[in-house]
Amino acid sequence: MTHMQATSERAASSRLYTGGYAPWWTGALSGVLAAAAGISIATGLSALLTGVPSPIVSVGNRAIDMTPRFLKEFAIRQFGENDKPVLIGGMVITLLGVAAIAGWIGIRRPRVAYGVFVALGVVALGAAALDRTATAPRALTLVPALVTLGVSIGALAVLLRALELAPKAGDDLPGGFNRRAFLRAVLGASAGIALGGVVTKFLGQNSAADSRMDITLPRAADPAPPVPAGASADVKGVSSFITPNRDFYRVDTALSVPKVPADGYTLRIHGMVDNELELSFRDLLKERLVEKRITLTCVSNEVGGPYVGNAAWLGIPVRDLLARAGVQAGADAVKTTSADNMTIGTPLGALTDPNRDALIAVGMNGEPLPLEHGFPVRMVVPGLYGYVSATKWLIDIEVTKFSDFKAYWTTRGYDAEAPIKFSSRIDVPTSFQTFSPDNVRVGGVAWAQNTGVQAVEVRVDNGPWQDVDLATEDSIDTWRQWSWTWDQATKGTHQLTVRATNQDGKTQTSDRARIAPDGSTGWHSVQFRVE
Amino acid sequence: MRTTKSKTLAVTAVASLSLFLAACGSDDEPKPAEESSEAPAEADPAANLVGPGCEDYASQVPDGAGSVAGMAEDPVATAASNNPLLKTLTAAVSGKLNKDVNLVDTLNGGEFTVFAPVDDAFGKLPEETVKTLGTPEGAETLTSVLTYHVIAGQLAPDEVAGKHKTVNGAEVTVEGEGDAITVGADKAQVICGGVKTANATVYLIDSVLMPPS
């Protein structure tokens, strides 16, 4: 006999004695407590995990994505920057209302209550699966929703069961349920709610994630133009032209992601300047914001490696802030410091160059920076390797001289100054990929930030170099995709090699250099097979 | 942007779930960057090793880029090039034995299980054979031999036993477990296996595998 049948029989027998049900409010309370316990515990859990939004936040994000634009704009007009808290508050109230009604119905018809809870759980699971702000592995992002579902239904079952128990003989209290069992269940659920709340509040590291969620980025005064048609190579398997935030490479020294809430954030600009500046996050958002697509590259990228990514960055030109601070004569470097005390040295000239859009970035691909990518503020400089320019969790900018300091990596065998070495990569074929002879279509990316890619050539085995089809250039600061078809492919094992030429007419060197001290060089090659 | 107010509202919204915590406002103190428990704890790269030669390997290469810990940092061809036990293999995959055979980038991209013959293993080959592998005519054979040592995907020591298709196309059989794992028809011994690199799991072996002809 199943548990459900057992309880309903007990309930039936209790009805014989009392002729009624527990009062309506006990059911409503059960529904509210069960839903709240599930969400509270899941929220506490997600607060302990990096890149995993809580179920409420995921559903909120999904709701925002699905809201028609006019309604979104109405909400922003109506509630200003509080639109998201209002949305979340509204969702919580609606959810608890639904849970209360489900619990009330559940006194008489428990299956309806369970059905409603399962439906709410499925909504949470779906929202978690589709949440584009989640940066953790997909399976992990589903955990809070699953916990919500399990805890809520478990708590609901215990509570409803207490309401169905037969009263002791001679119990003259109305309602016909075991008050002691119900009270125990209520206390149990409340303890779960309290536990989740305490974890969220005190053990959770998500104050930065919470504050990130509250941020609505202003529009750029100078937005990036649309990506030109034809910027993507038409070959399956070539990198997406814009790298999604969750796929963007992450190379940093932070074993745990620094959590820097936007509230209380200050960016200090000091050193060899006339006016020291201190800017809050709010101050930064009031500045003239520009949006630029820039391809970042890590010095640790081996030939053909994955540490290259292209994103749209929203930020303040560094030169605007430096001009306001008033750089003094004799300075040649800027030393930036992150919240976890990483130091990076950047040539002053790269930051003040009017032709180079070095940014103090607050947004990445239309969102506030993900925590892993430097929330709330980082630096992005076209044409310089990350370790000499792309400070994440940026809190301090000191105008100084290279001779007066050593940056973190400079003391570890890397050069103090390191422009990105232009390079090219084969995305297709992947290692040992097999093609049929009539369909050897290959492609990849090439980058020469701040200079531009002029040409890309490939060769098969030791054959002649051949020009590829270059995709449309977005800007000199973004990578350029390429594709090529091997028309007279011969069967067997082959090697494809690629090399790029930049707009200065220089062609990549074939000399292999290791990543230290200032970046790898060499032609990328991949073995493949035609069968 | 009124982030402070927004945050208070958000916290209140969450706390309203936690009926008992409704009184907890938001503290406006900025929290410093914290060490936190969710950091992907670096798994000890030496934890999962198998083979009778692991201790010898660890004492021959106790630290640096060629050590167990050091190899975990680099993609496999780069890692192998830092390992003093793998000089010949490194030369063979990087175009130094035969300029027409260079698998460095190919092996560094993707995920693999690599059986890596140590220098002594190449020493067992007839000198004539090695010489032939270095000639233009030997390029195809060298490629075939090298790719016979590579399986797509990473296999941990407890998964490696069985018959596997190599990237050469031919199959290789791995038998045994723990300190007694053999590879291929001629039963090359695994000296030390399960060595992690950034993209591949490496098994040092004492003989060069020969693909079935």
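**Exercise 1. Describe chain B by its secondary structure, its burial and its surface.**

Chain B has nine helices and seven strands, where helices (H or I, at least four residues) and strands (E, at least two) are DSSP runs numbered from the N terminus. The model is a predicted one, in which local features need pLDDT of at least 70 and side-chain atom pairs count only at pLDDT 80 or more, whereas totals for chains, interfaces and linings use all residues. Residues are numbered from 1 along each chain as its sequence is written, chains are lettered from A and ligands numbered from 1 in the order in which they are written, and side-chain values use heavy atoms, with hydrogens and water left out.

Turning to burial, 48% of the 213 residues of chain B count as buried, that is, under 20% relative accessible area with a 1.4 Å probe and protein chains only. The chain exposes about 10100 Å², of which carbon and sulfur atoms supply 54%, the areas coming from the Shrake-Rupley method with a 1.4 Å probe.

**Exercise 2. Describe chain A in the corresponding terms, and add the sequence range of its contacts.**

The secondary structure of chain A comes to 13 helices and 19 strands, and buried residues make up 54% of its 531 residues. Its accessible surface comes to about 22200 Å², with 56% belonging to carbon and sulfur atoms. Among contacts (heavy atoms within 4.5 Å) between residues of chain A at least 6 apart in sequence, 76% join residues at least 24 apart.

**Exercise 3. Locate the largest nonpolar core and the surroundings of A:Ile269.**

A nonpolar core is a set of buried Ala, Val, Leu, Ile, Met, Phe, Trp, Tyr and Cys residues joined through side-chain atoms within 4.5 Å. The largest has 69 residues, and those with the most contacts inside it are A:Ile269, A:Trp313 and A:Ile360. Beyond its neighbours within four places in sequence, A:Ile269 is in contact with A:Glu276, A:Leu277, A:Leu279, A:Leu321, A:Leu322, A:Ala325 and A:Ile397.

**Exercise 4. Determine how the buried residues of helix H12 of chain A are arranged around its axis.**

Helix H12 of chain A spans residues 318-325, and its buried residues are A:Val318, A:Arg319, A:Leu321, A:Leu322 and A:Ala325. Seen down the axis of H12(A), these buried residues fall within an arc of 160°, so they line one face of the helix; the arc is that of the directions from the helix axis to the C-beta atoms. Just after H12(A), A:Gly326 takes a positive phi of about 80°.

Note on methods:
Buried < 20%, exposed > 50% of the residue type's maximum accessible area, 1.4 Å probe, protein only.
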